[in-house]
Amino acid sequence: MSGPLTLSEASDKRLMPIEVPLPTAQLARKRALSEALVALALAGPAVFFLVVLFFLPVAAIFVIALTDWRFGATSLSFVGLSNFREVCADAGFRASLVNTVVYVSIVVPGTVILGLAIALVIEGGRSCRGLYRAIHFLPFMATLTAMAIAWEALLHPTIGLVNQALAALGLPTANWLRDENVALPILAVIGIWQNLGYAMVLFLAGLKSIPQELYNAADVDGADLWIDRLRTVTLPMLGPVTMFVVIVVALRAFEAFDTVKVLTQGGPGRASEVLLYTLYRESFEYLRTGYGAAVAVLFLAIVTTLTLVQVRFMDTKVHYQ
Amino acid sequence: MASVSIESIRKDYSLVPVLRNVSLSIADGEFLTLLGPSGCGKSTLLRILAGLEVQDAGSVRIAERVVDGLRPKRRDIAMVFQSYALYPHMSVASNMALPLRMRRLSALQRLPVLGRLLPGTAQITADIDMEVSHTAKSLGIGHLLPRKPGQLSGGQRQRVAVGRAMVRHPAVFLMDEPLSNLDAKLRVQMRAEIKELHRRLGVTFVYVTHDQAEAMTLSDRVAVMLDGELLQVAPPQDIYADPDNRRVAEFIGSPKINMFDGVVRERGLIDVAGSTLTIEADAITGTALSLGIRPEAFYLAERGGQGTLTGSVRMIEHMGSDLFVYLDLAGIDQPLIARLLAERAPHIVPGQTLHVGVRPERILLFTRDGRRLRPDRDSSKGAVTPFREVAR
Amino acid sequence: MNAGISPSRLPLSVALLRHAVLLTTGTLILLPFVWMLSLSIKPPGEIFRASFSFWPDKLYAVENYTKALSETPLLRYMGNGVLVCTMILLSQILVCAPCAYALAKLRFPGRGLLFGLVLVGLLLPHQVLALPLFALGHQLGILDTYAALIFPYIVSPFGIFLFRQFFKTIPDDLVHAARLDGVSELAIVWRIMLPMALPAVIAFSIFSLVSHWNDLFWPLIAVRDQSLMPPSLGIMAFKNEEAGNDYGPLMAASTLVVLPLVIAFLAAQKWFVEGMTGGAVK
């Protein structure tokens, strides 16, 4: 029942002399109840799917991680933390964890610093802003699977542009995706290439929201050199945006998968295997369900911790108001 | 201590003229207000004075020195912005210290950690801190020094902005609508404080506002700006009582001045809205003129006749001590507004016929193209001359 | 008025330096695209030649693109992509908008809790849910069908969040007025809130379409049948079949997969930027 219906019921009752109008408190309760019912009806489908598709699966992943269940098996038994012990003892998983950390710690600073620098340079002048923004943003929405194939052609040991250019300059070449020392950094470079435009666009928005009067005040106060304006106004005012960019880029970097799957399959050896790829391979290629669930739980824990720590930091450090 | 002189400033924004040939001299120690509606170019003029924008033509001199092409920090000016423009990440103390640090410390000495170790930095920093705390105390914000701007009330932020401007003893204070973000009560209080500050510092103030009350109460002289032109520069009382032209007369004063079109009947008499008023001017019979009469210039007359206007009461607004009476005059769309003392004008009701009188010296006369005709008190000046031009 | 950190108009040397820097970074950014295009119009002989050039001596575009379209069901992949993305988007709007309206404009017990759940859902990395969702799909018997590609995304916490934020900015009086006119609550959502929140709807649509067009992780798990594959998975399958010998058609196929989004992006840059950054850019 909607609000106006209740209203008209009430007025109908007033028109009828025999019936005593409901006391206001009762009316208010009735109104609140009908509003709650409407809300329930409207939010119901979303709530149902949120529970079935998000929260039950999250609960399930915790449960599966504690069992020896495998796909297709009709029975399962609880094995306590043995899946986690297995995961933690596994050199492969530890390598994957380290690789992920290395990957993230290249991608995040690279993306944030380059994104900020490009945003500053674009905003530093007036001509061709839209064009430069479009060019740098393009990789972020281009299908990464297809672009990974393009990168493979670019990095191809013999016909790739990179090696051809290096050879032409007399520099040493490499088999970029098959060399265990460079495969992961190369994937990180592709990660930076893809996310750079995203960081840039966020920084551009941040720059636009800095009040012009602050720059005027800096001018009058004598902070009128480029570097002084940057230090006095621009960088401090970008603090909140920067924290946001760091969080989002870090989360995206932790979730790197497409390039690994298409370009290296975690190889050579395990040199470029990252957490999500481990999660995929253990769960769906090797069908080690319990193991995969344990990896998923650990992955979730890492990502959640990261988010919470950074949200906390953001609250205390960069909010000036 | 410095005078400011502005000569023939022009400024266009993408071919739209914002300032058309503005010239103005401000005396040393004067409080001058640029008053005008938003978009009239007053803020642009202030920003050109500050060096935040560059004029297309003309020249600015501060303390007899041409400052065109000089960066803001070299102009010996300080500015208080409408939004205060305090750096949100710095404490009040750092905000106020910044102008001094930028001037007295070299780029190396300002480096984050290393700078502190360089010779001289400690001494200069200590001096700056002392001056900042001295200024802060004189403004009554000493206890706020460690806080961030976000933790301050509007009035406190305003004081900090003033403090940041004061701390380095500029020759000229520029203020861009500094009170417009405060509530009405605080605005009145801060207005008094700014006036007191000007008296205490004795330096030149250039103050931009759209608020007539601020302009009238604060200024030594008011410069009225409309559409990128200076219309009149005069002390507040003259701006109100003796405007140079019709636009100034209409812009200043609330409720607005009553304007009527009239035709001179004979020397000293003019026909307006079916009545005849006495005016203090020689005029050729048949000249078309505009009359401006302030609402408070009217008095309640017993009966109609020469020197009075007659109309029927459309509406009455009680303002406490005063009444605003709206009169419909024959043949005029706009109602006449008279401001009458409440105690002298009892029992007025809508629909009633009312006679209001006005003394000749309270009538401001304008030519039809808006120029003021001043009364011919001194015949050698020949105030009559403009009439011929008009009559052509 | 000048914005950003430029004090006034830049001196010529600085302006030129700016363009030099941006053209350099821009070229590096575009290099994979250019190389992909370049290879897609070269004959095999030129691709494997040691010396490099961007423009082929002999244009081989028609052959490569024909081969890409004939050797793989590329059009089928793209059709699958369109179908799946459209179904996902429609169901997301259908499910999320009423919920967002309830969160934004109605008072009911548990509203805070529900919003909290939405925020948690927003932060959950979706890949973590893949294993239980795979099991669920298996139970329902819908693995390896279009339904498998769609069902995990029927509801989008981001959609609920975005719509709720936007609905909140619509004045309550408008809702009250509609109620007084006798409009039902559901009709308020569809006829008043959604049209007024059109910018949010467009931004969300772009976000949803782009994410699911580009997604590889879930399709990889959900379907094996080549005739059901969306473009990202299809192009990967093509690459694995070719095993890196036939670069021309592979690059042609990649180009065709990337092309629709790139064209749409260039046509509606502002909307894409807003959608892909989740309305953080305003």
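In this predicted model, let's start with chain B, where the C-alpha centres of domain 1 and domain 2 lie 41 Å apart. Domain 1 of chain B covers residues 4-246, and domain 2 covers 256-391. How many residues of domain 1 of chain B are in contact with domain 2 of chain B? Four of them are, and they meet seven residues of domain 2. On the domain 1 side of that meeting place you'll find one nonpolar, one polar and two charged residues.

Now step back and take in chain B as a whole. Its C-alpha trace spans about 90 × 45 × 40 Å along its principal axes. The secondary structure of chain B adds up to ten helices and 21 strands. Of its 392 residues, 39% count as buried. Try looking at how the chain meets itself, too: among contacts in chain B between residues at least 6 apart in sequence, 64% join residues at least 24 apart.

Next, zoom in on one strand of chain B, β7, which runs over residues 172-176. Is β7(B) largely enclosed or not, and why? Five of its five residues are buried, so the strand is largely enclosed by the rest of the structure. Here's a handy bit of background: in a regular strand the side chains alternate between the two faces of the sheet. You can follow that with your finger in β7(B), where V172(B), L174(B) and D176(B) sit on one side, and F173(B) and M175(B) on the other. Both faces are covered, and each of these residues is buried.

So what does β7(B) pair with? One partner is strand β6 of chain B (residues 77-80), which runs parallel to β7(B) and is joined to it by four bridges. Within this pairing, A78(B) has F173(B) as its bridge partner. Another partner is strand β8 of chain B (residues 204-209), again parallel, this time over five bridges. There, M175(B) stands opposite Y207(B). Helix α6 of chain B (residues 184-201) belongs to this picture as well: β7(B), α6 and β8(B) make a right-handed β-α-β unit.

Keep your eye on this area, and turn to the largest nonpolar core, which has 294 residues. Which of its residues touch the most other members? They are F203(A), L174(B) and V206(B). The largest share of this core, 17 residues, comes from helix α8 of chain A (residues 183-208). You've already met L174(B) as one of the buried residues of β7(B). As for V206(B), leaving out residues up to four places away in sequence, its contacts are V4(B), I26(B), L32(B), L34(B), L46(B), L49(B), V172(B) and L174(B).

That core takes us over to chain A. The domain assignment here gives domain 1 (3-65) and domain 2 (82-317). Their C-alpha centres lie 45 Å apart. Four residues of domain 1 of chain A are in contact with seven residues of domain 2 of chain A. On the domain 1 side, the residues divide into four nonpolar, no polar and no charged.

Finally, look at where chain A meets chain C. Here 85 residues of chain A are in contact with 83 residues of chain C. Helix α2 of chain A (residues 24-65) gives the largest share of chain A's side, 19 residues. By class, that side of chain A has 62 nonpolar, 15 polar and eight charged residues.

Notes. Residues are numbered from 1 along each chain as its sequence is written. Chains are lettered from A and ligands numbered from 1 in the order in which they are written. This is a predicted model: local features need pLDDT of at least 70, side-chain atom pairs count only at pLDDT 80 or more; totals for chains, interfaces and linings use all residues. Domain bounds come from an automatic or database domain assignment. Two residues are in contact if their C-beta atoms, placed from the backbone, lie within 7 Å. Ala, Val, Leu, Ile, Met, Phe, Trp, Tyr, Cys and Pro count as nonpolar, Asp, Glu, Lys and Arg as charged, and the others, Gly among them, as polar. A nonpolar core is a set of buried Ala, Val, Leu, Ile, Met, Phe, Trp, Tyr and Cys residues joined through C-beta atoms within 7 Å. A residue is buried if 20 or more other C-beta atoms lie within 10 Å of its own, exposed if 12 or fewer, and partly exposed in between; C-beta atoms are placed from the backbone. Helices (H or I, at least four residues) and strands (E, at least two) are DSSP runs, numbered from the N terminus. Two strands pair if DSSP finds at least two bridges between them. A crossover is right-handed if, with the strands pointing away from the viewer, the path from the first strand over the helix to the second runs clockwise.
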